[in-house]
Amino acid sequence: MKKDLQYLKKLFSRPFHAKRAGGQTNRNYIVAVGRKKFFVRLPWESHVMDRRAEGRNILALSRNKKIRCIVPKYYLYVLSRKNILNPKGKTSYDLPDGTMMVEYLWGKEFPASFFQQKRYQRALAKTLYLFHTSGVRFSNSYNPFRDEIKKYRMEAFRRPVQKLLDKKTIAQLQTLETQAHRCLLSSKRGVSTHNDVILQNFLLGKKGTTYLLDFEYAGLNTKGGIFYDLGYPLRDSFFNPPQISKKTFERFLIEADAVYKKKLDRNQIYWSVIAALLVGIWWGVLRFFDAPKREQPYFSRYVQRGVKGLLALAAELKKKES
Ligand SMILES: Nc1ncnc2c1ncn2[C@@H]1O[C@H](COP(=O)(O)OP(=O)(O)O)[C@@H](O)[C@H]1O
Ligand SMILES: [Mg+2]
């Protein structure tokens, strides 16, 4: 916190009041300066994140007119001491790459129980539709198999994986990985997707606006495209209960069909959920081994939930296909 305050002081010349905000990975602050409020993200300083790609994506978002009503105004994104959102600016920022300052949005988090309600299902679908049709073009390609599953799986095999997953389960995971890879449509050019469509990354604004936040994992999806985003809330609910029931999710998809003005390909959506579950499972395995002992039960449960959900969903898909 002390270090963070030092960082914040470099951003504001006037006196300010900072309050810690929530979030999964970064250190976020709500900063009040006079009557104005800002949301500042101090980045999780990790070599895994490609801040250059994220910075270029934020620049693309900030320049896109169509998306303006569902994202905050972006004021600052630091890369190599420069605010890349103001290329002509001369100020040098002695702050880590990925430090970001955006408009503070008045609103509340999206409660999981709202996902069952038709009007919120439609609001979510509308926000995703606006983003998917905005024409915003991200800078990095994103293939969940290449960039996540395979990477994590290979890394996991350097650890005693059998402690967490038995042989049969490992074989099932690999079969499903091959099947999902085969079933998901590929696109060379890629489609701009968010890739972390969890309910905590939406914000319900005052006038019914549903904002989309946190483009940390965004990229040009080459496997699954928009279906990857559409399936993501279901995927996340396996890891972080309450689990969304199949019936509720199907109702959400009917709303999404209406918003996208076409019947969305269920097969692609469910195979995307499978791929996204595999991402989470292998990520969880790695986290299990790298976490301090007291946090291991959490990741063990996380992985078991993912596996259970994955196998149940895969069995259902198979039943439908036969
Ligand atoms: N511009 C904003 N205005 C108000 N609240 C925000 C804003 N951006 C994010 N939040 C809140 O802070 C939480 C964490 O922000 P997020 O960007 O998702 O960080 P993380 O990458 O750490 O998850 C969000 O879930 C949301 O509730
Ligand atoms: Mg987030």
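In this predicted model, Asp214 sits in the loop that connects β11 (210–212) with β12 (219–223). Although Asp214 is not a glycine, its phi is positive, at about 65°. Asp214 has 20 C-beta neighbours inside 10 Å, and therefore counts as buried. A comparable backbone feature occurs at Arg81, which is likewise not a glycine and has a positive phi of about 70°. Arg81 belongs to the loop between β4 and β5, but its surroundings are those of an exposed residue, because 12 other C-beta atoms lie within 10 Å. A further backbone feature is the cis peptide bond between Pro241 and Pro242, for which omega is about 10°; Pro242 is placed in the loop that runs between α6 (226–239) and α7 (246–260).

These details can be set within the overall division of the chain, which consists of domain 1 (2–104) and domain 2 (112–321). The centres of domain 1 and domain 2, taken over C-alpha atoms, are separated by 27 Å, and the contact between them draws on 15 residues from domain 1 and 17 residues from domain 2. On the domain 1 side, the residues that touch domain 2 comprise nine nonpolar, two polar and four charged ones.

We turn next to the sheet. Six strands form an open sheet in the order β1-β2-β3-β6-β4-β5, and their pairing is antiparallel. The edges are taken by β1 (17–21) and β5 (82–83), each of which has a single partner strand, so that one side of each remains without a neighbour in the sheet. Helix α1 (residues 2–11) packs on this sheet, where it touches β1, β2 (27–33), β3 (36–42) and β6, and its direction makes about 125° with that of β3. Helix α2 (residues 51–63), for its part, lies across β4 and β6 and runs at about 160° to β4.

Where does β1 lie, largely in the open or not? Of its five residues the number buried is zero, so β1 does lie largely in the open. Its pairing with β2 is antiparallel and extends over five bridges, with Arg20 standing opposite Tyr29 in β2. The two strands, β1 and β2, make a hairpin in which five residues lie between them, and Gly23 in the turn has a positive phi of about 140°. Elsewhere in the sheet, strand β4 (residues 74–79) and strand β6 (residues 100–103) run antiparallel and are joined by three bridges; Leu76 has Met101 in β6 as its bridge partner.

The interior remains to be described. In soluble globular proteins, nonpolar side chains tend to be buried together. Here the largest nonpolar core has 78 residues, and those that touch the most other members are Ile274, Ala275, Leu278, Ile281 and Trp282. Helix α8 (residues 266–290) makes the greatest contribution to this core, giving 15 residues. Because domain 1 (2–104) and domain 2 (112–321) both give residues to this core, it lies between them. One of the residues that touch the most other members, Ile274, is in contact with Leu176, Ala180, Leu310, Leu313 and Ala314, when residues up to four places away in sequence are not counted.

Note on methods:
Residues are numbered from 1 along each chain as its sequence is written. Chains are lettered from A and ligands numbered from 1 in the order in which they are written. This is a predicted model: local features need pLDDT of at least 70, side-chain atom pairs count only at pLDDT 80 or more; totals for chains, interfaces and linings use all residues. Domain bounds come from an automatic or database domain assignment. Two residues are in contact if their C-beta atoms, placed from the backbone, lie within 7 Å. Ala, Val, Leu, Ile, Met, Phe, Trp, Tyr, Cys and Pro count as nonpolar, Asp, Glu, Lys and Arg as charged, and the others, Gly among them, as polar. A nonpolar core is a set of buried Ala, Val, Leu, Ile, Met, Phe, Trp, Tyr and Cys residues joined through C-beta atoms within 7 Å. Helices (H or I, at least four residues) and strands (E, at least two) are DSSP runs, numbered from the N terminus. Two strands pair if DSSP finds at least two bridges between them. Axes are lines fitted to C-alpha atoms, for helices over the stretch in contact, and angles run from 0 to 180 degrees between N-to-C directions.
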